[in-house]
Amino acid sequence: MSKPIKQIHLAAHFPGVNNTTVWSDPAGGSHIDFSSFAQFAQTAERGKFDFLFLAEGLRLREQNGQIYDLDVVGRPDTFTVLAALAAVTDRVGLTGTINSTFNEPYEVARQFASLDHLSGGRAAWNVVTSWDAFTGENFRRGGFLAEDQRYDRARTFLQTTQELFDSWRGDEIVADKESGVFLSNPHAGEFAHKDAHFDIHGRFNVPRSPQGRPVIFQAGDSDQGRDFAAHGADAIFSRHSTLGAGQEFYEDVKGRLARYGRRRDELLILPAATFVIGDTDAEAEEIAREVRLAQVSPQTAIKFLEQLWNRDLSDHDPDGPLPSVDPVVGENTISRGRASVRMFRDSIAIANEWRAKAEAENLTTRELIVEVMGRQSFVGSAQTVAATINDFVQADASDGFILVPHITPGGLDPFVDHVVPLLQERGVFRADYTGTTLRDHLGLAPLPAPRRSASPDAATGVAS
Amino acid sequence: MPDSSTPIHLAVALDGAGWHPAAWREADARPAELFDAGYWADLVAEAERGLLDFVTVEDSLGLQSDDHFDPDYRTDRVRGRLDAVLIAARIAPRTRGIGLVPTATVTQTEPFHVSKSIATLDYVSTGRAGVRVQISARHDVAAHFGRRALPRLSAGAINDPAVQQQVNEYFTEAADYVEVLRRLWDSWEDDAEIRDVATGRFIDRDKLHYIDFEGRWFSVKGPSITPRPPQGQPIVAALGHGGVSYQFIASSTDVGFVTPHDATQAADIAVEIGALQRAVGRGEDSVHIFGDLVVFLDGESKAAHARRGRLDDLAGAEYRSDAAIFVGTPAELADVLQEWHAAGLSGFRLRPATLPHDLIQITEGLAPELRRRGLFRTGYEAATLRGLLGLPRPANRYAIA
């Protein structure tokens, strides 16, 4: 029996606050004005995408003790811009990254429940955690958490919001003008939660939203993160966009689901992916090279070098060889507010690899950085990109992709105009939306109404 | 201070099906749609047709209750609400002229988050955002957050010095909160984004500023993650009933909502807040004082009184409010507003007893009547809420002139 053909899921990541985004391109528009967000979201909806994705960072990045100024800096508030986008789109899902460290469950739950109501069931939450006191300096609680407590707090945070979402069954609002009954249950919204992180009780004040709760995304890649996702997420925003790494990750995570009593299709794996499309494969390769160079300006090359070397290299020549001094080993003090620097576990070894590569290929510092930044996930003609994406999905390297264009807001257009029609012709991507909610788009079954266990009357068996 | 010939500013306070507890049972009410975007879009579109300055949207971090200090378990009242900032954001792209002033509770929330959400509301509305800040002294709301236990207040305890002290602290915290909002809004200079390809710099970081606020309840480093909003400083508003709340209005807001019950009280409040304003060194700033009134409006005064009586019967109690309750025709209301305006109020925030009925009476009855008297605008004369309120776009406190 042949494997059934999978349907591809596609999402659009609003270009990020990092060097992937080429702000210097003459076509690059505002990262703040609502018109950019509206245009981007409407393009995604024109392409029948599953959802739009917004990242978040709650403190401006710093390097050498100064605000990092080479990438796009600044972004709007996630909830607010998603609610506004609900006004200018009808179907596309609205996914926001919201930190569980610098928020409280009651507030986040009511913001997501509100967004889900205001968008007619299109809200999704990418749950992230934060570890650093650096970001915490912007918040009341400071927010420092030991790394081993991050997922613990995130897990209980998510669990607590789940209890808040489930505190309304969805049938409480009667609003019968004649009889004067507005609520069928005087205890609607009651909750009580107590654990090591949260001790809260009372009544949640947003009635059950169209999807019951937002679709839950998880983005971490650690063993804990994978378990966290297998336990409670609907989708994973992963970084494994190559075929081999994608398949390995896919099998690992899907394999964990049974442990939590879940089916393999109850969790979608959606890696981030970049792309460059040309009229021919050769033209696309040429453009892709230019884009990679634009993503690493001479100044960016030095800053990137400093992140590994963990020292000030502002006098280093980007067009010369790599520094002869070794990286400073130990805690990374040069760069703050950036997740990627934590990946440099053994900086001396990596520096030596880089030196060997630069020497072997006769690369300047900047050329070397361009090389190690890696190439775009999908490069080619529309036919090539469509075929490659479909191959990845059918080979279980993913269930689809969250596409990250490098130009705001028009960078998604070539994909929507040229690749989407080819995927639709192949019958692997929807020709039109068949449902109204994001759960519908993702093929996730509607959530059942929670049992009436939140009410003390029901719990003690007293009829109300 | 406004004189009797300056135009009157008009705002409408939106809350559920209207301010009367039986409003949801009116024939034109849409109680099953209170959690749908379309309901709010229709109401704000109506207010915009009337050329009102702005709408406020009520909010709370707990369920509504008829009891001021404790939750209730009533099933015959509207219960549940959506986040007001998100309602405003959902409405913003579909409106063009009207200001949007959602309520934000400051006692339980993060100033950093609220600063960027209101800045973003200003972006998505292209300069029509404000925020009505509100303290929350309720012990049940505090229990939703679990960060601090607030004492249980009761009507009898309100004159207790310890309780007074507690309420004073909430307002002191609110003043710190607004200070953080304002500093964060200014933490980017307007021309900080330079996109200088030659030097590879997207921003001029010398034009971004740490706010370094350190206070008793929170310390916030900054800068904001969101650039300075279109208005520079979105409008800050608050409701006050005297004492420390007037000090808060005088020291921290652009618009104060107050609740006089006659023209003499209106004059006294305007004088009192004006003096407080000068005392804190804001004598040069415009702080609008708006009178709040609950309104039951009909073409015939008798009909308005009959409607109020019918609603009170349905609710099972006579409707009471902190604000004056006006029952009558739009023209009679115009007389009252004109008198209070002459006494020193620059505008009014009307609380429609029922929606959409009393809102339509405002847009189709009151607004044209005031216009006939030369006291209300004939079109939106400015593109921003600050502009509608006659407030200039302020200089950035961190910019070197």
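1. In this predicted model, the C-alpha centres of domain 1 of chain A and domain 2 of chain A are 30 Å apart. The domain assignment places residues 9-274 + 379-442 in domain 1 of chain A and residues 282-373 in domain 2 of chain A. Domain 1 of chain A is thus written as two segments, while domain 2 of chain A is given as one range.

2. The two domains of chain A touch: 19 residues of domain 1 are in contact with 18 residues of domain 2. On the side of domain 1 of chain A, the elements giving two or more residues are strand 3 (62-63), helix 4 (133-136) and strand 16 (378-381) of chain A. Strand 16 of chain A gives the most to this side, with 3 residues. By residue class, the side of domain 1 of chain A that touches domain 2 of chain A has 5 nonpolar, 10 polar and 4 charged residues.

3. Chain A also meets chain B. The contact takes 64 residues from chain A and 61 residues from chain B. On the side of chain B, helix 2, helix 3, helix 4 (139-143) and strand 6 (201-203) of chain B are the elements that give two or more residues. Helix 3 of chain B gives the most to the side that touches chain A, with 7 residues. The residues on this side of chain B divide into 33 nonpolar, 12 polar and 16 charged.

4. Helix 2 and helix 3 of chain B, both named at the contact with chain A, also pack against each other. Helix 2 covers residues 84-91 of chain B and helix 3 covers residues 111-124 of chain B; their axes are 9 Å apart, at an angle of about 15 degrees. Angles under 35 degrees count as roughly parallel, and helix 2 of chain B and helix 3 of chain B are therefore roughly parallel to each other. Their crossing is left-handed. Helix 2 of chain B contributes B:V85, B:A88 and B:A89 to the contact, and helix 3 of chain B contributes B:S117, B:L121 and B:V124. These residues divide into 5 nonpolar, 1 polar and no charged.

5. A second helix pair in chain B is helix 6 (residues 244-252) with helix 7 (residues 263-279), whose axes come within 8 Å and cross at roughly 55 degrees. That angle makes helix 6 of chain B oblique to helix 7 of chain B. Helix 6 of chain B passes helix 7 of chain B in a right-handed crossing. The contact is formed by B:Y246, B:Q247, B:I249 and B:A250 from helix 6 of chain B, with B:E272, B:I273, B:L276 and B:Q277 from helix 7 of chain B. Of the residues in this contact, 5 are nonpolar, 2 polar and 1 charged.

6. One single residue may be worth locating in the view. B:D66 sits in the loop between strand 2 (54-57) and helix 2 of chain B. With 13 other C-beta atoms within 10 Å, B:D66 is partly exposed. Leaving aside residues up to four places away in sequence, B:D66 touches B:D72, B:R74 and B:R77. B:E300, by comparison, is separated from B:D66 by 234 residues in sequence and by 30 Å in space, C-alpha to C-alpha.

Key. Residues are numbered from 1 along each chain as its sequence is written. Chains are lettered from A and ligands numbered from 1 in the order in which they are written. This is a predicted model: local features need pLDDT of at least 70, side-chain atom pairs count only at pLDDT 80 or more; totals for chains, interfaces and linings use all residues. Axes are lines fitted to C-alpha atoms, for helices over the stretch in contact, and angles run from 0 to 180 degrees between N-to-C directions. Helices (H or I, at least four residues) and strands (E, at least two) are DSSP runs, numbered from the N terminus. Angles under 35 degrees count as roughly parallel, over 145 as roughly antiparallel, 65 to 115 as roughly perpendicular and the rest as oblique. A crossing is left-handed if the near helix is turned anticlockwise from the far one by less than a right angle, and right-handed if clockwise. Two residues are in contact if their C-beta atoms, placed from the backbone, lie within 7 Å. Ala, Val, Leu, Ile, Met, Phe, Trp, Tyr, Cys and Pro count as nonpolar, Asp, Glu, Lys and Arg as charged, and the others, Gly among them, as polar. A residue is buried if 20 or more other C-beta atoms lie within 10 Å of its own, exposed if 12 or fewer, and partly exposed in between; C-beta atoms are placed from the backbone. Domain bounds come from an automatic or database domain assignment.
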